[in-house]
Amino acid sequence: MKKIATILAVLLLVNGFSACEKDDICSEDTPTTPRLMIEFYGDNNVLKPVTNLKVTADGVADPIVFNADVTTASRYLTNASNIALPLDLSAEKVTYEFTLNATDTTGLLLKTDKIEFNYRRKTVYVSRACGYKMLFDLNNLPDLPEAYVLNNTTPPQAGNWIKRIFIEKFNLESENETHVKIYF
Amino acid sequence: MKHTLKFIFSSWILLSPLFLHAQEAQKKDSVPDKTYRYGLRVGLDLFKLSRSFYEKDYKGLEIVGDYRIAKSYYLAGEIGNENKTVDDDRLNFTTKGTYFKAGFNYNAYENWLDMENLVYIGLRYGVSSFSQTLNSYQIYNANPYFPEPAAVQPGEKFSGLSAQWVEFVAGVNAKVFNNIYVGFSFRINKLVSNKKPQDFDNLYIPGFHRTYDGDFGVGFNYTVSYFIPLYKTKTEKAKEAVKK
């Protein structure tokens with residue numbers, strides 16, 4: 001009898017615990033909607049950090065936040081050699097304005113280039129907690145708009161500071177890969 | 001969690017023969033003269049029935065039954081139907097379907113005199129056939145920068161889904177008066193097969209309930225049943241007394 005009571009108690013406990021299972025929270029380790037991962041390269045095909053780069057999407061008031069911990073204007077600036085840009089979930093293209101040396105007040109070093117990215121979207125089921133994620137395919141078919149357009153020039157010309165853009169991977173599946181290489 | 005459940009399962013399986021043995025040992029020194037009634041017990045799960053009234057996203061009905069085949073063994077089964085809408089943070093879906101479970105119960109309770117109560121453990125094999133409708137979902141985006149798009153409402157229906165599982169049962173069934181029994185049982189289920197829809201998952205399976213970490217589920221029922229007596233037997237001692 002005692003053993004049966006124990007079993008019942010254990011079952012009751014299991015019943016209680018399972019209500020707060022970890023699968024209620026979407027873990028940060030789970031790959032969900034990826035951002036566009038961009039790397040910056042210098043002349044000799046080596047990674048090169050940018051200086052005070054500010055990136056803003058057309059139609060959005062605020063630039064991308066690169067340093068969420070900082071409250072000053074420098075939260076919008078990056079000096080890294082790689083950045084991650086979100087794509088618009090409700091459109092098939094997004095235009096970003098890349099401003100180099102954004103803190104320059106003299107206007108001599110401040111240079112701006114616009115890149116339009118064209119892509120297709122698909123939704124993929126992840127899990128109960130994460131729901132669905134969206135994956136993107138940068139256009140790579142002849143009858144679709146080019147994957148990228150630099151400063152509205154087709155075929156692309158060198159920009160004000162960007163020399164060349166290279167699509168490393170057309171299908172965006174995770175953030176552990178590089179999708180676009182920008183040479184400057 | 002999965003490991004905890006595994007541990008519980010395995011310790012349970014390990015322990016059960018021990019305590020079956022213990023019960024058999026007890027039998028020898030308590031042999032009262034009594035008759036055993038055999039028959040069919042049918043009942044209704046009040047837990048599912050009442051939830052159908054107070055939970056607006058749930059409708060369910062379960063009929064339970066068992067048939068005594070030996071002094072301590074009963075063939076047991078459940079048949080039911082559920083219609084549940086789950087509204088999670090990211091997903092809203094409706095599952096509809098019918099299930100059937102069959103197996104046995106072992107009554108570990110040694111009744112005194114003419115008591116006919118059950119404290120049992122049992123095993124079931126469950127089969128469920130159902131459909132799922134994905135009512136709406138929100139795309140998960142860890143980096144909101146653009147305005148978040150409205151929830152997608154595909155209303156897509158995935159039919160012809162099925163699942164099979166093994167269920168461990170532990171419960172109590174007490175005779176309250178005449179042939180009326182009231183009981184409850186707890187269940188732990190483990191999926192054996194699961195036919196999932198394309199680009200979605202079986203997050204709720206009728207009869208199995210919510211799926212945890214892939215292939216585990218838990219259940220509970222509260223039943224009221226009626227016992228239909230079919231025939232009786234007497235204990236050895238009572239039989240001998242009759243012969244003399």
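## Close-up views of a predicted model

**View 1. The largest nonpolar core and its best-connected members.** In this predicted model, the largest nonpolar core holds 29 residues, of which L36(A), L53(A), V55(A), L85(A), F117(A) and I182(A) touch the most other members. At least two residues of this core come from each of the chain A strands β1 (36–41), β3 (82–85), β4 (93–100), β5 (111–127), β6 (131–138) and β10 (180–183). Strand β4(A) provides the largest share of the core, namely four residues. In soluble globular proteins, nonpolar side chains tend to be buried together.

**View 2. The surroundings of L85(A).** Leaving aside residues up to four places away in sequence, L85(A) touches R35(A), L36(A), I38(A), V55(A), I64(A) and Y96(A). A second core, separate from the one in the previous view, comprises 11 residues, among them Y120(B), I121(B), A170(B) and I188(B).

**View 3. Y125(A) and its contacts.** Y125(A) lies in strand β5 of chain A, and it counts as partly exposed because it has 18 C-beta neighbours inside 10 Å, whereas a buried residue would need 20 or more. When residues up to four places away in sequence are not counted, Y125(A) touches Y132(A) as well as D199(B), F200(B) and D201(B). The C-alpha atoms of Y125(A) and T32(A) are separated by 9.5 Å, although these residues are 93 residues apart along the chain.

**View 4. Chain A as the setting for these views.** Chain A has one helix and 10 strands, and from the N terminus on the helix is followed by the strands. Of its 184 residues, 27% count as buried. Among the contacts in chain A between residues at least 6 apart in sequence, 56% join residues at least 24 apart.

How values were computed: Residues numbered from 1 in each chain as written. Chains lettered and ligands numbered in written order. Predicted model: local features only at pLDDT ≥ 70, side-chain atom pairs only at ≥ 80, totals over all residues. Buried ≥ 20, exposed ≤ 12 C-beta atoms within 10 Å, placed from the backbone. Contact = placed C-beta atoms within 7 Å. Core = buried A, V, L, I, M, F, W, Y, C linked by C-beta atoms within 7 Å.
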